[in-house]
Amino acid sequence: MYLPLVYDLAVDLGTSNTLINLSGKGVIVREPTVIARKKKSKELLAVGMEAKKMLGKNPEAIEVVQPIKGGVIADFDATAVMLKHYFEQISQHIGWLPRLLRPRVVAGIPGGLTEVEKRAVQDAALSAGARRALLVEGPLAAALGAGIEVIRPDGHLVVDIGGGTTEIAVISLSGIVVNRSLRVAGQTMDQAIVKAVRLSRGLLLGEATAEEVKINIGSAATLEKEKIFVVRGRDIGKGLPRSLKLKSAEIREVLAPIIQEITAAVADILEETPPELVGDILQHGIILCGAAGLMPGIDQVIAEATKMPVGITEAPQDAVVRGLAKLLANARLLEMVRLKRGLS
Ligand SMILES: Nc1ncnc2c1ncn2[C@@H]1O[C@H](COP(=O)(O)OP(=O)(O)OP(=O)(O)O)[C@@H](O)[C@H]1O
Ligand SMILES: [Mg+2]
């Protein structure tokens, strides 16, 4: 059996999902970014999917926390505790010596973070037990994960639509040429569904139910076969439970302004991109990733608005963690792209 002396973890600490890749083993953590703890003692009760199931159903004494908001650490302790839980779980998979030496961690971060916000990601990984914590810009990792040779003088446009952020970046020569990080993504869509169903149908839905609606019948362009989804919620007038049939066409209308905002930002970035790189992007096509990139028709809408071909990466929700794992296997490239300014 091959027992490495050190072990490396690639961590995509997303607003909705946390993915961790153990080098040589693959993605071994894929859980919602949620924890549940006792309010007073802060004792950890559940992590990941177990905790997500408690959202909106918890008694007073328990708090269910989503520690990342808009791609940024909003609750440091909850983030560190969650990572520690996963790191300890992973350490069971490896030999005692590397466990003693602790892991080297590389994490992806969204664009536009302040030095303090970046430092928080690094500190969370260190206090969770990492020996070293390196940071890489998320879109660069996503491009690598999409199979792009980022080192070449060749322009690529990556659009990563996640839960809390949409990252749009033009990449060339292992660097980000222009980028924008919008706080408009999957969760914005869930909130828009909650609001629309409350206003137009008088039914109160939880955000988790709205997410189910979006995943089951949400779309950006007309579907070949329109769909129906039945939800249960609380009637605003009577205060009693009621079920309701929602149609894909009405959900599409609710989502349209959000998708429009994302599309407009992609078009803006293209306007800011040097013409030589625009030529490259036209040739390669826009790369779409992030789990929200799975929404039917979103590629089509972006393609129509930008007049550019758009391709969805294979397993788009894994692009960032896949790219980070590739970096851990390529020390020279990692050294070149890891963030250094103001960080050790
Ligand atoms: N099939 C689907 N169709 C539409 N949206 C989806 C689908 N599957 C997942 N999503 C949405 O994708 C979002 C999560 O995407 P992802 O896991 O890439 O985000 P994240 O990396 O955790 O967040 P971020 O990168 O914004 O910090 C959620 O809002 C989820 O509801
Ligand atoms: Mg993400």
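# Briefing on a predicted three-domain chain with one ligand

D75 is found in the loop between β8 (72-73) and α2 (76-91), and this residue is a convenient place to begin reading the structure, which is a predicted model. The domain assignment divides the chain into domain 1 (8-140 + 319-337), domain 2 (150-184 + 256-316) and domain 3 (186-254). The points below take up selected polar residues, the nonpolar cores, two helices, the ligand and two residues with a positive phi.

**Two aspartates and their partners**

- D75 has a relative accessible area of 18%, and because buried means under 20%, this residue counts as buried.
- The side chain of D75 has two polar partners described here: it makes a polar contact with the side chain of R37 at 2.8 Å, and it reaches the backbone nitrogen of A78 at 3.0 Å.
- When neighbours within four places in sequence are left aside, D75 is in contact with R37, V65 and P67, so that R37 appears both in this list and as a polar partner of the D75 side chain.
- D8 lies in strand β1, which covers residues 8-13, and D8 is buried as well, with a relative accessible area of 12%.
- The side chain of D8 makes a polar contact with the side chain of R104 at 3.0 Å, and R104 is also found among the residues that D8 touches beyond four places in sequence, together with N21, L22, S23 and L328.

**The nonpolar cores**

- The largest nonpolar core has 45 residues, and the members that touch the most other members are L157, I161, V213, V231, L246, I259 and I286.
- Helix α8, spanning residues 248-272, gives the most to this core, with 9 residues.
- At least three residues of this core come from each of domain 2 (150-184 + 256-316) and domain 3 (186-254).
- Which residues does I286 touch, not counting residues up to four places away in sequence? They are L157, V159, V266, I281, I302, T306, M308, P309, V310 and G311.
- Another core, of 33 residues, lies apart from the largest one, and V47, L113, A133 and L135 are among its members.

**How domain 2 and domain 3 are placed**

- The centres of domain 2 and domain 3, taken over C-alpha atoms, are separated by 27 Å.
- The contact between these two domains takes 16 residues from domain 2 and 14 residues from domain 3.

**Helices α8 and α11**

- I251 lies in helix α8, and at 1% relative accessibility this residue counts as buried.
- Leaving aside its neighbours within four places in sequence, I251 is in contact with I193, V213, I217, G218 and L246; of these, V213 and L246 are also named among the residues of the largest nonpolar core that touch the most other members.
- The C-alpha atom of I251 is separated by 32 Å from that of A141, a residue that is 110 residues apart from I251 along the chain.
- Helix α11, residues 319-328, is mostly covered, since 8 of its 10 residues are buried.
- The buried residues of α11 are A319, V320, V321, G323, L324, A325, L327 and L328, and L328 is also one of the residues that D8 touches.
- As background for reading such a list, an α-helix has 3.6 residues a turn, so residues three or four places apart point the same way.

**The surroundings of ligand 1**

- Ligand 1 is surrounded by 19 residues, of which T15, S16, N17, E211 and K214 are the closest.
- Where does ligand 1 come within reach of polar backbone atoms? An oxygen atom of the ligand is 2.7 Å from a polar backbone atom of S16, an oxygen atom is 2.6 Å from one of N17, and an oxygen atom is 2.9 Å from one of A291.
- On its own, ligand 1 has 660 Å² of accessible area, and the protein covers 89% of that area.
- Helices α6 (186-201) and α7 (207-217) each supply at least two residues of the shell around ligand 1, and the largest share, 3 residues, comes from α7.

**Two residues with a positive phi**

- K42 is not a glycine, yet it has a positive phi of about 65°; K42 is found in the loop between β4 (35-38) and β5 (44-47), where it is partly exposed, with a relative accessible area of 46%.
- S174, which is not a glycine either, has a positive phi of about 55°; S174 is found in the loop between β12 (166-172) and β13 (175-182), and it is buried, with a relative accessible area of 10%.

How values were computed
Residues are numbered from 1 along each chain as its sequence is written. Chains are lettered from A and ligands numbered from 1 in the order in which they are written. This is a predicted model: local features need pLDDT of at least 70, side-chain atom pairs count only at pLDDT 80 or more; totals for chains, interfaces and linings use all residues. Side-chain values use heavy atoms; hydrogens and water are left out. A nonpolar core is a set of buried Ala, Val, Leu, Ile, Met, Phe, Trp, Tyr and Cys residues joined through side-chain atoms within 4.5 Å. Buried means under 20% relative accessible area, exposed over 50%, partly exposed in between (1.4 Å probe, protein chains only). Helices (H or I, at least four residues) and strands (E, at least two) are DSSP runs, numbered from the N terminus. Domain bounds come from an automatic or database domain assignment. Contact means heavy atoms within 4.5 Å. A polar contact is a pair of N or O atoms within 3.5 Å; within protein, one must be able to donate a hydrogen and the other to accept it, and residues adjacent in sequence count only if both atoms are side-chain atoms. A residue is near a molecule or strand if one of its heavy atoms lies within 4 Å of it. Accessible areas come from the Shrake-Rupley method with a 1.4 Å probe; for residues, only the protein chains shown count as cover.
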